[in-house]
Amino acid sequence: MKGREAPADVDINLQRRLARGREALAARIDLHGLTQDVARATLAGFIRRSVEDGWRAVLVITGKGVSGDGVLRRRVPEWLAEPPIREHVAGVSEAHRRHGGEGALYVALKRKR
């Protein structure tokens, strides 16, 4: 990621609670079909609003792409590692199969300062 430190993984306990439905995903966003520029801006706004609303965990659906190597699937983790989004992200992990598996990400958010 060209000098950017990737966000840590979502805390394993939170990840388990999300996967089992014991902790609610506050919101979700589906980036399918968006261009990279639109997806990046949409993601930034979504993360910013989620933090402002005090949400702790959200789902970002990227899709897998035609052969499992979709552009958004690759790029979203990079964008989450870049300022200004990075300051809000506590962790990122692949979602459980019931939430989209390889085509989705759990994003744990830091508390609003």
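Reader: What share of the 113 residues in the chain is buried?
Author: This is a predicted model. Buried here means under 20% relative accessible area. By that cut-off, the buried share of the 113 residues in the chain is 42%.

Reader: What pattern do the helices and strands follow along the sequence?
Author: Start with the parts. The chain has three helices and four strands. Read along the sequence, their pattern is α-β-α-β-α-β-β.

Reader: Why can the chain be called as compact as a globular protein of that length?
Author: Compare two values. For 113 residues, the globule rule gives 13 Å. The chain is as compact as a globular protein of that length because its radius of gyration is close to that, at 13 Å.

Reader: How far does the C-alpha trace span along its principal axes?
Author: There are three axes, so three values describe the span of the C-alpha trace. They come to about 30 × 30 × 25 Å.

Reader: What percentage of the contacts with a separation of 6 or more joins residues 24 or more positions apart?
Author: Contact means heavy atoms within 4.5 Å. Take the contacts in the chain with a separation of 6 or more. Residues 24 or more positions apart account for 68%.

Reader: Which element gives the most to the largest nonpolar core?
Author: In soluble globular proteins, nonpolar side chains tend to be buried together. Here the largest nonpolar core has 21 residues. Elements giving two or more residues to this core include strand 2 (57-61), helix 3 (71-80) and strand 4 (104-109). The most, six residues, comes from helix 2.

Reader: Which residues touch the most other members of that core?
Author: Val107 is one of them. Leaving aside neighbours within four places in sequence, Val107 is in contact with residues including Arg56, Ala57, Val89 and Gly91. Ile47, Val60 and Leu80 are also among its contacts. The residues that touch the most other core members are Ile47, Val60, Val76, Leu80 and Val107.

Reader: Is Ser50 buried or exposed?
Author: Ser50 sits in helix 2. Leaving aside neighbours within four places in sequence, Ser50 is in contact with Trp55, Val58 and Leu109. Its relative accessible area is 0%, so Ser50 is buried.

Reader: How much of the accessible surface belongs to carbon and sulfur atoms?
Author: The accessible surface of the chain comes to about 6,600 Å². Of that surface, the part belonging to carbon and sulfur atoms is 47%.

Reader: How far apart are the centres of the positive and negative side chains?
Author: The chain has 22 positive and 14 negative side chains. Each set has its own centre, and the distance between the two is 4 Å.

Terms used:
Residues numbered from 1 in each chain as written. Predicted model: local features only at pLDDT ≥ 70, side-chain atom pairs only at ≥ 80, totals over all residues. Heavy atoms only, no water. Core = buried A, V, L, I, M, F, W, Y, C linked by side-chain atoms within 4.5 Å. Buried < 20%, exposed > 50% of the residue type's maximum accessible area, 1.4 Å probe, protein only. Rg over C-alpha atoms; globule rule 2.2 N^0.38 Å. Areas by Shrake-Rupley, 256 points an atom, 1.4 Å probe, with all protein chains shown as cover. Lys, Arg positive; Asp, Glu negative; His and termini not counted. Charge placed at Lys NZ, Arg CZ, Asp CG, Glu CD.
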